Amino acid sequence: MVYIILGKGFEEVEAIAPGDILRRAQIPMQYAGIGGKIVEGAHGIRLEADITVEEMALSEMDMIVLPGGSGGVASIEADPAAMAAVEYALSHDRYVAAICAAPTILGKRGHLDGRHAVCYPGMEDGMGKAIVHPDREAVIDGKLITGRAPGAAIEFGLTLAGMLPGQFSPDEVAKYMVYERR
């Protein structure tokens, strides 16, 4: 199961595009809301989560995805259940994916030290001792996957879909979406 965490002020495209791609690939995923099932994004779009963060079955988690948006990142960092899920994923060898400002959640805690990663331009100070690749849309380093910004959301989603078995490959999903991978 893939859980995409939604905190108030999340960057909408960074949550919706990867979730859509994972579902197109037929990879089980759920949106998990902080503070309830209806969560408002950074641009006023409200998304109804499938479950709350407290309802996540951590033992069934294959991947946790952290969308950016400064409000969404602050919401994740302030929520004990969300942070416990991130720590669970890290300590149980699960995939942890973060895009835009969200990689700083990992960077500030030292989880990116010596690892290859990417983040929103200008957020590099929050990346700890990561090896940052500002020219890349998405970066995989072991079980950590990072994405650059809202414009990278489709490539980030396809990268996530390539990490887990699904009925359709990322290339099949990209072709169906008429998206050319870089």
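**Exercise 1. Charges**

Task: Determine how far apart the mean positions of the positive and negative charges of the protein lie.

Solution. The structure is a predicted model. The first step is to count the charges: the protein carries 16 positive and 25 negative charges. The second step is to take the mean position of each group; these two positions are 1 Å apart.

**Exercise 2. Overall form**

Task: Explain why the radius of gyration of the protein agrees with that of a compact globule.

Solution. Begin with the chain length, which is 182 residues. For this number of residues, a compact globule would have a radius of gyration near 16 Å. The protein has 15 Å, which agrees with that expectation. Next, consider the extent of the C-alpha trace, which spans about 40 × 35 × 35 Å along the principal axes. As to secondary structure, the protein contains six helices and 11 strands.

The remaining steps concern burial and contacts. Of the 182 residues, 52% count as buried. The accessible surface comes to about 8,000 Å², and carbon and sulfur atoms account for 51% of this area. Among contacts between residues at least 6 apart in sequence, 61% join residues at least 24 apart.

**Exercise 3. A salt bridge within a helix**

Task: Identify the helix that holds both R24 and D20, and describe how the two residues pair.

Solution. A general principle comes first: side chains of opposite charge can pair when their charged atoms come close. The criterion here is a nitrogen-to-oxygen distance within 4 Å. In the case of R24 and D20, the closest N and O atoms are 2.5 Å apart, and the two residues form a salt bridge. Both belong to helix α1, residues 12-24, where they are four residues apart, about one turn of the helix. R24 is partly exposed at 33% relative accessible area, and D20 is likewise partly exposed at 30%.

**Exercise 4. Salt bridges between separate elements**

Task: State where the partners of the D93 and K143 salt bridge lie, and then treat the pair R181 and D171 in the same manner.

Solution. The side chains of D93 and K143 meet at 3.8 Å, N to O. This pair links distant parts of the chain, 50 residues apart: D93 is in the loop between α3 and β7, and K143 is in the loop between β10 and β11. D93 is exposed because its relative accessible area is 52%, over the limit of 50%. K143, at 28%, counts as partly exposed.

For the other pair, the side chains of R181 and D171 form a salt bridge of 3.5 Å, N to O. R181 lies in the segment after α6, whereas D171 lies in helix α6 itself, and the two are 10 residues apart. R181 is partly exposed at 31%, while D171 is exposed at 52%. Elsewhere, E77, K108 and R109 are joined into one network by salt bridges that share partners. The search of the whole structure finds 10 salt bridges.

**Exercise 5. Positive phi angles**

Task: Describe the phi angle and the surroundings of Q26 and of V178.

Solution. Recall first that most residues other than glycine have a negative phi. Q26 has a phi near 65 degrees, a positive value in a residue other than glycine. Q26 is found in the loop between α1 and β2 and is partly exposed, with 45% relative accessible area. V178 also has a positive phi, near 60 degrees. V178 is located in the segment after α6 and counts as exposed at 76% relative accessibility.

Conventions: Residues are numbered from 1 along each chain as its sequence is written. This is a predicted model: local features need pLDDT of at least 70, side-chain atom pairs count only at pLDDT 80 or more; totals for chains, interfaces and linings use all residues. Side-chain values use heavy atoms; hydrogens and water are left out. The radius of gyration is taken over C-alpha atoms; the globule rule is 2.2 Å times the number of residues to the power 0.38. Buried means under 20% relative accessible area, exposed over 50%, partly exposed in between (1.4 Å probe, protein chains only). Contact means heavy atoms within 4.5 Å. Accessible areas come from the Shrake-Rupley method with a 1.4 Å probe; for residues, only the protein chains shown count as cover. Lys and Arg count as positive and Asp and Glu as negative; His and the chain ends are not counted. The place of a charge is taken as NZ of Lys, CZ of Arg, CG of Asp or CD of Glu.
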